[in-house]
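Me: I am new to this structure and would like to understand the reasons behind the labels used for it. Could you go through them with me step by step?

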Amino acid sequence: MLVILLAGCGTTLQTGVDVARTIVGGRDVQQPVPERIAASPYASLMMDDGTVRGVMMLGNDDEGRLSWHSGHHVLFLCDGDQVCGTHELGARLDDMRIEGANPFLDLRTVGSGTATVVRRYDWPDGYRYGIPVTGTLRQSGQERLEILGRARDLVRYEEHLHGPGVDGRNTYWVDPRTGRIWKSRQMVTPDIYVDIVLLKPYARRTR
């Protein structure tokens with residue numbers, strides 16, 4: 001993380017340091033300042049898992065597996081902004097993978113119908129590996145959310161999750177024009193969820 005921050009200079013460096021000071025450490029974390037997020041060269045998001053909360057910055061893109069860092073805390077997001085792993089967070093997830101079609105690449109394709117999502121989770125607690133979880137995904141209305149002081153009209157999608165020891169629900173808020181997921185609430189373990197709000201999107205390079 002320090003290597004990323006120190007790579008800049010002058011105003012850019014100070015902005016990165018200011019953003020880093022809002023990073024996860026407990027419940028009493030200041031809300032991100034829009035001007036500082038805009039001035040930072042780094043993609044960022046806000047996360048809250050019920051125990052820790054704060055800004056995370058993009059550290060690496062490993063063929064679609066994005067690692068978002070805040071000090072020693074790491075949240076991994078895979079294609080479609082799906083939580084696929086954690087490091088040093090209270091909710092321990094070694095891996096999550098989608099088998100078959102992945103509608104989260106563009107939730108607008110679900111339309112007014114439903115989609116079935118098949119996942120497998122690897123949870124180190126209890127040595128639960130390869131746990132099959134099926135999700136039923138559908139559109140459930142529209143909401144106006146305020147993110148960094150800007151109101152966004154988003155479409156809400158809900159996904160009901162069922163599997164051995166799992167009965168839960170993920171929620172996603174999507175821009176109907178671009179398909180970008182601006183906010184989500186996702187299961188990390190059967191009893192812990194993480195709220196994710198995108199602050200500054202990552203522009204993935206295309207080959």
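The exchange below deals with confidence, salt bridges and exposure in a predicted model.

Me: How do you know which stretch should be read with caution?
Reply: The mean pLDDT of the protein is 86, and 84% of its residues reach 70 or more, but over residues 1-24 the pLDDT is below 50. Where pLDDT is low, the predicted coordinates should not be read in detail.

Me: What makes Asp95 and Arg65 a salt bridge?
Reply: Their closest N and O atoms are 3.6 Å apart, and the rule asks for a side-chain nitrogen of Lys or Arg within 4 Å of a carboxyl oxygen of Asp or Glu, so the pair qualifies. Asp95 lies in strand E6 and Arg65 in strand E3, so the salt bridge ties together parts that are 30 residues apart in sequence.

Me: Why is Arg65 called partly exposed?
Reply: Its relative accessible area is 25%, and because buried means under 20% and exposed means over 50%, Arg65 falls in between and counts as partly exposed.

Me: Why does Arg144 count as exposed?
Reply: Arg144 has a relative accessibility of 60%, and the cut-off for exposed is over 50%, so the label applies. Its salt-bridge partner Asp153, at 2.7 Å from N to O, has a relative accessible area of 47% and is therefore partly exposed.

Me: Which residues are joined into one network by salt bridges that share partners?
Reply: Arg65, Asp95, Arg97 and Asp122 are joined in this way.

Methods:
Residues numbered from 1 in each chain as written. Predicted model: local features only at pLDDT ≥ 70, side-chain atom pairs only at ≥ 80, totals over all residues. Heavy atoms only, no water. pLDDT = per-residue confidence, 0-100. Contact = heavy atoms within 4.5 Å. Helix = DSSP H or I, 4+ residues; strand = E, 2+ residues; numbered from the N terminus. Buried < 20%, exposed > 50% of the residue type's maximum accessible area, 1.4 Å probe, protein only.
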